[in-house]
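The exercises below concern a single structural model. Each task is followed by a solution that proceeds step by step.

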Amino acid sequence: MPDFDVVVIGAGAAGLSVASISAGLGLKVALVERGRMGGDCLNYGCVPSKALLAAAHAAAAAREAGRFGIRLPAPEIDWAGVRAHVQGSIARIAPNDSAARFRGMGVEVIEAAAHFVAPDAIEVAGRTLTFRRAVIAAGSSAIVPDLPGLDGVPWLTNETLFDLEEPPGHLIILGGGPIGLEMAQAHARLGCLVTVIEAGPRIAAKEDPELVEGLRAALVRDGVEFREGAKVARVEQLEPDSLAAQAGVVAVLEDGSRIAGTHLLLAVGRAPRLAGLDLVAGGIEAGPRGIVTGPDLRSVSNRRVWAVGDIADPKGLGPRAFTHLAGQHAGILVRSMFFRLPFTRLSYAALPRVTYGDPELAQVGLTEAEARAAGHEGLSILRWPVAENDRAVTEGRPEGLVKLVVGKRGRLLGAGVLAPHAGEMAGVFGLMIDRRLPLSALAGLVLPYPTLAETAKRAAGDYYAPKLLSPFTKRLVDLLKHLP
Ligand SMILES: Cc1cc2nc3c(=O)[nH]c(=O)nc-3n(C[C@H](O)[C@H](O)[C@H](O)COP(=O)(O)OP(=O)(O)OC[C@H]3O[C@@H](n4cnc5c(N)ncnc54)[C@H](O)[C@@H]3O)c2cc1C
Ligand SMILES: NC(=O)c1ccc[n+]([C@@H]2O[C@H](COP(=O)([O-])OP(=O)(O)OC[C@H]3O[C@@H](n4cnc5c(N)ncnc54)[C@H](O)[C@@H]3O)[C@@H](O)[C@H]2O)c1
């Protein structure tokens, strides 16, 4: 008899979801975590970053209050208070992910590093544990680029950024993806100088350029400086002098220009945490993007093993790094691992993503470029500017755009929104795409007035407007008016 029905490696969002479902189904479960329970999202990712952004938005709201006729003095940033909010947010959520809570569910929580010693066994804290099924949920960590000089200067990643006891004087951020952009706005609004260096031709390369334009403009207004299409040739230590109170770092670009700052944040992407797992001993195939699985998240080489969360590299889909993915993966796992349902297939067609700037940039399904690249024909692109929305006017926030990508027969393929709290609209779009609802469902929805979500309804309505106001419809109405 194996020691456990299910062994889960990693207690981040993905591992915790799997462990709680497995225990709920009455299975004997071990959950192994070598770091902090809750993983990246709680300790070094979503929670501290969103808490820092909330503090930053409060400062920005105080600065902007004058627009509403409310006069306030310029806000003073109490960094210790900001940190207390960030750490307090983590502390308030931590009990949900704690070892005590999971032990209460009947899970054996082992706080140590695990590695495979055989296709059906791991070793942890000197014990060899055999399993019927293993789930690898070891997540991903920040890529440290191979940059000349990097080993001679101090640098930060998401694992160290939130521990700073003083605010950075000038934060240089390498990478203009979601981490770089969110942290750029947070720090700029909290009074730091911020420069984002993006090696690619533009920031937020995965997002729709029409929406990115507004986000970039908002960050520039906050004082963020962007260097796009700029490659760092090397980094150098900046010694403290009479001008710079803090020592720091100089990024020397390939064109020879030098950007000096006090701190350097690496936000150039994520790499799966494969090291130390001894996947070869487990007979588990992996590549540079993660553990290779089928569309049911089952390892292609060891049928006892599944992979979930950031570390999974499902064939044909590739890895994704979102906390809400953990829940989706857990759902697939239940069908595939426990109920052995054939044809269990993961799909990212309705997977939402949000860059939590102010305004937020939300995308569900395909962008226009992705839909065209995928060969969808007869596309309709519908746009509705946020400036036309009454709620946006009353809130003094007229910037932004809703953009719908519609395929044949009015099927929604993708939706992008740049607006305050745009992420709150993602659910409706996800439901429409996932359940293949016609666009008329959105166009006919009765939404409360005044809400920003009305922009989505107005964009959808545009799809039907030409038909509704066609000469044929007008003739029909002209005939019908004669009826009693
Ligand atoms: C700054 C930042 C902000 C983010 N913001 C958002 C957001 O707003 N929304 C969103 O959806 N996503 C966000 N993400 C992404 C999100 O945090 C990740 O997608 C999510 O945490 C992945 O969960 P996971 O369980 O796969 O991995 P993790 O959370 O990384 O958990 C894996 C765990 O496995 C443990 N582990 C690794 N190897 C071993 C081993 N050998 N033995 C034992 N334990 C091991 C690790 O210690 C870790 O705790 C953000 C990420 C970052 C970095
Ligand atoms: N709001 C959210 O949901 C959220 C927030 C943060 C992170 N995340 C997840 O974490 C993942 C990782 O985020 P990320 O921003 O680190 O990665 P990313 O891969 O999304 O973006 C990294 C950026 O860095 C650039 N880059 C690469 N090498 C560079 C170099 N040497 N110099 C300068 N720029 C360089 C890339 O061109 C790219 O634009 C995201 O893809 C996302 O899935 C999600």
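## Exercise 1: The five-stranded sheet

Task. In this predicted model, determine the order in which the 5 strands of the open sheet are arranged, and how they pair.

Solution.
Step 1. The open sheet of 5 strands follows the order 20-21-24-23-22, and its pairing is antiparallel.
Step 2. Strand 20 (352-355) and strand 22 (380-385) pair on one side only, and these are the edge strands.
Step 3. On average, neighbouring strands of this sheet are turned by 10° against each other, direction being ignored.
Step 4. At one end of the order, 6 bridges pair strand 22 with strand 23 (residues 401-406) in the antiparallel sense. Within strand 23, L401 is the bridge partner of P385.

Task. Identify which strands helix 12 and helix 14 touch where they pack on this sheet.

Solution.
Step 1. Helix 12 (residues 426-434) touches strand 20, strand 21 (360-365) and strand 24 (412-419), and its direction makes about 10° with that of strand 21.
Step 2. Helix 14 (residues 454-468) touches strand 22, strand 23 and strand 24, and its direction makes about 140° with that of strand 22.
Step 3. Strand 24 is thus touched by helix 12 and also by helix 14.

## Exercise 2: The three-stranded sheet

Task. Describe the order and the edges of the open sheet of 3 strands.

Solution.
Step 1. The order is 11-12-13, with antiparallel pairing.
Step 2. Strand 11 (232-238) and strand 13 (258-261) are the edge strands, each pairing on one side only.
Step 3. From one strand to the next, the twist averages 20°.
Step 4. Strand 12 (residues 248-253) and strand 13 run antiparallel and are joined by 4 bridges. In strand 13, G261 is the bridge partner of V249.

## Exercise 3: The nonpolar core

Task. State which members of the largest nonpolar core touch the most other members, and list the contacts of V308.

Solution.
Step 1. The largest nonpolar core holds 135 residues, and V7, V8, I136, I173 and V308 touch the most other members.
Step 2. For V308, neighbours within four places in sequence are left aside; its contacts are then A14, V18, V135, A137, L297, A326, H329, A330 and L333.
Step 3. As a general background, nonpolar side chains in soluble globular proteins tend to be buried together.

## Exercise 4: The two ligand shells

Task. Characterise the shell around ligand 1 by its closest residues, its elements and its classes.

Solution.
Step 1. Ligand 1 is surrounded by 37 residues, the closest being G10, G12, G39, G139 and G309.
Step 2. At least two residues of the shell come from each of helix 1 (13-24), helix 2 (39-43), helix 3 (46-64), strand 4 (114-118) and helix 9 (323-338).
Step 3. The division by class is 17 nonpolar, 14 polar and 6 charged residues.

Task. Determine which element gives the most residues to the shell around ligand 2.

Solution.
Step 1. There are 25 residues around ligand 2, of which G175, G177, V268, G269 and A321 come nearest.
Step 2. Two or more residues are given by helix 6 (178-189), strand 9 (193-198) and strand 20.
Step 3. Helix 6 gives the most, with 4 residues.
Step 4. By class, this shell has 14 nonpolar, 7 polar and 4 charged residues.

## Exercise 5: Backbone exceptions

Task. Locate the cis peptide bonds that join D358 to P359 and Y449 to P450.

Solution.
Step 1. Most residues other than glycine have a negative phi, and most peptide bonds are trans.
Step 2. The bond between D358 and P359 is cis, with omega about 10°; P359 lies in the loop between strand 20 and strand 21.
Step 3. The bond between Y449 and P450 is cis, with omega about -5°; P450 is found in the loop between helix 13 (439-443) and helix 14.

Task. A125 and A204 have positive phi values. Decide for each whether the residue is buried or exposed.

Solution.
Step 1. A125, with phi near 50°, is in the loop between strand 5 (121-124) and strand 6 (127-136).
Step 2. A125 counts as exposed because it has 12 C-beta neighbours inside 10 Å.
Step 3. A204, with phi about 45°, is in the loop between strand 9 and helix 7 (209-221).
Step 4. A204 is buried because 22 other C-beta atoms lie within 10 Å.

Note on methods: Residues numbered from 1 in each chain as written. Chains lettered and ligands numbered in written order. Predicted model: local features only at pLDDT ≥ 70, side-chain atom pairs only at ≥ 80, totals over all residues. Core = buried A, V, L, I, M, F, W, Y, C linked by C-beta atoms within 7 Å. Buried ≥ 20, exposed ≤ 12 C-beta atoms within 10 Å, placed from the backbone. Contact = placed C-beta atoms within 7 Å. Near = placed C-beta within 6 Å. Nonpolar A, V, L, I, M, F, W, Y, C, P; charged D, E, K, R; others polar. Pairing = 2+ DSSP bridges. Axes fitted to C-alpha atoms, helices over the stretch in contact; angles between N-to-C directions.
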